[in-house]
Structure formats: C-alpha cells, structure tokens
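Got your viewer ready? Load the model below and follow along, one selection at a time.

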Amino acid sequence: MIQDIYPSKLDNQFVSCSMEKEDLLMIFDDDGRILVSVEEGRMRFPAGGEFKTRHVVYLFSLDNQRFFLLLDNQPSDTEGFRFLNIREVRDLCSGPEVYAAFTGYHLWKWYSDNRYCGKCKGRLRPVKHERALHCRKCGNTVYPRINPAVIVGVIKGDSILVTRYREGYAHNALIAGFTEIGETVEETVRREVMEETGIKVKNIRYYKSQPWGMAQDVLMGFYCEADGDSEIHMDENELRYAQWVKREDIVLQPNNLSLTNEMMMMFRDHNEDK
C-alpha cells in the first residue's frame, strides 16, 4: 500500500525550523496540482534553493530529507518541472515519493481551506510550536482535519462484491464511504453497503487502515458477509457497476497503492482472514 515504504520512513512530527537550500519544497497550484519532475517513474521535488520564496511551513521528513510547503503564490518560472494532479502522481510515479506527495497534498488542502477564521473572519496564521493555525483576533485554533472512511469487502461464499464508481476512478473497487456524525465505523459499513447495493451484512471484522491524503482520509478496511438476500440493487447515482465476482475472476487495480486493491488481492488468494 502507499504507506508501505520500508526501509524508508516518513516522520510526521512537527518541527519549528527554517528551510535550507538542500531541503525539498512542495508547490501546489490553485487546483491542487503539485510541481515535480518525473524521470523513469520517479518524482523529484524542487529544492529550497531553486525558487525564491518567503512564506514556507515545515511538513515532515522522509528518511533524512526535510519537506516544506510553499504558502506564497507559485513561482512564474518553473522550467524543468511540471504540475501533476494527485491522480496523475498515483498513475505515473512510484517509490516513497508518492506517499510524500499524497501526505503533502493532505496538508496543502488543509492550509488552503483554512486561510481565514471561521468564527471571526480574521487571518489564520501557522503556530510555531505545533501543527495548527491560530487567529490572533479571537484566539481560535484550528488543527488538521482527517476524515474517517471505510472500505468494505462484502463476501458471499466464494465471491466478493466488486464495484466501479459512477465518476472518478475507473478501475475495480469495493464499497466505500465516509463515517457520518454520531455513527460508529461498523454502522458506516452497514449503511454504505445497504445504500449502494441494497444488501444487509453480518460478521463485520476489521482488517487494516490506511492514510489516504487524496481525500484527507484515514481509510479503515472491513470484511463482512452478506446476510440473507444477496440480490444487488445498485445505487446508479454512486456506481456504474456492482457484481459478485469469484476469487479467480478478480481483476486488480493497475498498482498496489490502495487498501482496496490489497483487500481484493487478499480475498483472491484466500488470505482475507489472516
């Protein structure tokens, strides 16, 4: 999965520090595209000394390499680099840099969406001692947002419920959705499966989790069994495909970055209960 980068390690501990010319810089445009160069599937990020910057904030380190986020407007001269959206990063690139880019996108989205205080409209500014934004006018402090969501492998005998989204990602997927206010993640599993396919489920069991910066998520994977009638009543507003698929007929996604793909692979190989 995207976070499986051993022996590399991403350290998300916040550090109050200044950017040096050898540090790496993440630059996003207004549409959330990241500035990188790509050679043989590996990304390179601009170094701190390659562009003139004033306002940056520390993000994290990958091994011993520090990453910063540009809070200024993007530079006008970006020769040697190009902007890729996060889906293009997923499709075109490999290596631990993909995990760094996804995590950087998650933080960029939070900084971008929280420029002004939601209580008094004052300007929010980064706090020096922790990853937070503070309003000097009213004292409001804002912390990064993480959205809980579920991925669900619904099983019926030797088949699993495979879906494809109505819009967006075009490859095979599993039932997925966000946890609502006042809802446990197990209740999310039951509700999402019912809403998208009309199927009741039982024996819900946790598998594994995954940070997924593309949607500012932490994804939680579950397997469960169809309970009673397994006829699919697909929500055509959410999905364009939903079918029971035998283990040997499962078509995986084109890369191994996602929790969804791993869960389909584990079921295909009879390892879903391990």
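**Starting at a strand**

Select Arg 125 first: you'll find this arginine in strand E8, which covers residues 124-126. Keep in mind as you click around that this is a predicted model. Arg 125 counts as partly exposed because its relative accessibility is 39%. Now add Arg 115, Arg 123, Lys 128 and Arg 136 to the selection; together with Arg 125 they form a positive surface patch.

**Cysteines**

Next, pick out the cysteines. How many disulfides does a search of the whole structure find? Zero. Zoom in on Cys 120, which is in no disulfide: the nearest cysteine sulfur belongs to Cys 135 and is 3.4 Å away. A disulfide needs the two sulfur atoms within 2.5 Å, so a cut-off is what decides here. Then hop over to Cys 93, which is buried, with a relative accessible area of 8%.

**Backbone oddities**

Most residues other than glycine have a negative phi, and most peptide bonds are trans. Here are some exceptions to click on.

- Tyr 6 and Pro 7: the peptide bond from the tyrosine to the proline is cis, with omega near 10 degrees. Pro 7 sits in the segment before strand E1 (10-11).
- Asn 203: look in strand E14, residues 201-212. Asn 203 is not a glycine, yet its phi is positive, about 55 degrees.
- Gln 216: move on to the loop between E14 and strand E15 (217-226). Gln 216 is another non-glycine with a positive phi, about 55 degrees. Is Gln 216 buried or exposed? At 15% relative accessibility, Gln 216 counts as buried.

Definitions and conventions
Residues are numbered from 1 along each chain as its sequence is written. This is a predicted model: local features need pLDDT of at least 70, side-chain atom pairs count only at pLDDT 80 or more; totals for chains, interfaces and linings use all residues. Side-chain values use heavy atoms; hydrogens and water are left out. Patches are made of residues with over 30% relative accessible area and no salt bridge: like charges are joined within 9 Å, nonpolar side chains (Val, Leu, Ile, Met, Phe, Trp, Tyr) within 5 Å. Accessible areas come from the Shrake-Rupley method with a 1.4 Å probe; for residues, only the protein chains shown count as cover. A salt bridge is a side-chain nitrogen of Lys or Arg within 4 Å of a carboxyl oxygen of Asp or Glu. Lys and Arg count as positive and Asp and Glu as negative; His and the chain ends are not counted. The place of a charge is taken as NZ of Lys, CZ of Arg, CG of Asp or CD of Glu. Helices (H or I, at least four residues) and strands (E, at least two) are DSSP runs, numbered from the N terminus. Buried means under 20% relative accessible area, exposed over 50%, partly exposed in between (1.4 Å probe, protein chains only).
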